[in-house]
Amino acid sequence: MELIVLMIEVEQPEGLSARKLVLETAKHNVITAYSGDYGVELLKRFPNVDVVVVHRHVDGEGAEKIIREIKEQSPDMPVILLSPHPDEDPLGANYVIPSHEPQMILEILERSFGASGTN
């Protein structure tokens with residue numbers, strides 16, 4: 001099952017992030033935003049997004065405000081928070097995973113959506 005994933009994360013000066021590459025390799029469609037404002041705007045423009053991934057340290061607005069705006073716009077939208085310290089406050093996200101373990105995103109997608117990641 002291919003999913004549409006909106007990824008709101010810190011811009012990588014060296015290019016695409018490992019998280020995006022892992023998702024695309026698993027055949028998921030990834031829309032990327034490097035600021036919270038742009039991510040919320042993209043969600044309005046692409047309402048068929050299946051899940052939103054937000055990095056705790058995204059540029060622009062804080063992750064908590066971004067997640068709140070996503071939930072106001074789409075209350076049932078699952079949100080995965082990427083954090084260097086996953087034991088911190090989830091800020092309203094449905095899931096919190098370590099930002100340095102991109103494979104865990106696929107595990108959540110498989111568990112929650114039946115997305116195998118091996119299509």
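Helices (H or I, at least four residues) and strands (E, at least two) are taken here as DSSP runs, numbered from the N terminus. On that basis the chain holds 4 helices and 5 strands, and from the N terminus on these elements follow the order β-α-β-α-β-α-β-β-α. The model is a predicted one, in which local features need pLDDT of at least 70 and side-chain atom pairs count only at pLDDT 80 or more, while totals for chains, interfaces and linings use all residues. Residues are numbered from 1 along each chain as its sequence is written, and side-chain values use heavy atoms, with hydrogens and water left out.

It helps to begin with the whole chain. Its C-alpha atoms fill a box of roughly 35 × 30 × 25 Å along the principal axes. The radius of gyration, taken over C-alpha atoms, is compared with a globule rule of 2.2 Å times the number of residues to the power 0.38. For 119 residues a compact globule would come near 14 Å, and the chain, at 13 Å, agrees with this. Of the 119 residues, 45% count as buried, where buried means under 20% relative accessible area, exposed over 50%, and partly exposed in between (1.4 Å probe, protein chains only). Contacts are heavy atoms within 4.5 Å; of those in the chain with a separation of 6 or more, 61% are between residues 24 or more positions apart.

Strand 4 (79–83) is a good place to look next. This strand is mostly covered, with 5 of its 5 residues buried. In a regular strand the side chains alternate between the two faces of the sheet. In strand 4, Val 79, Leu 81 and Ser 83 lie on one side and Ile 80 and Leu 82 on the other, and all are buried. Two strands are said to pair if DSSP finds at least two bridges between them. Strand 4 is joined to strand 3 by 4 bridges, and the two run parallel; here Val 54 stands opposite Leu 81. Strand 4 also runs parallel to strand 5 (residues 95–98), again with 4 bridges, and Ser 83 stands opposite Pro 98 in strand 5.

Helix 3 (residues 63–73) has Ala 63, Ile 66, Ile 67 and Ile 70 as its buried residues. Seen down the helix axis, these fall within an arc of 95°, so they line one face of the helix; the arc is that of the directions from the axis to the C-beta atoms. The buried residues of helix 3 pack against strand 1 (4–8), helix 2 (36–45), strand 3 and strand 4.

Finally, His 55 belongs to strand 3 (residues 51–55). This residue is buried, with a relative accessible area of 8%. Leaving aside neighbours within four places in sequence, the contacts of His 55 include Ile 8, Arg 19, Ala 63, Leu 81 and Ser 99. His 55 and Val 96 are 41 residues apart in sequence, yet 9.8 Å apart in space, C-alpha to C-alpha.
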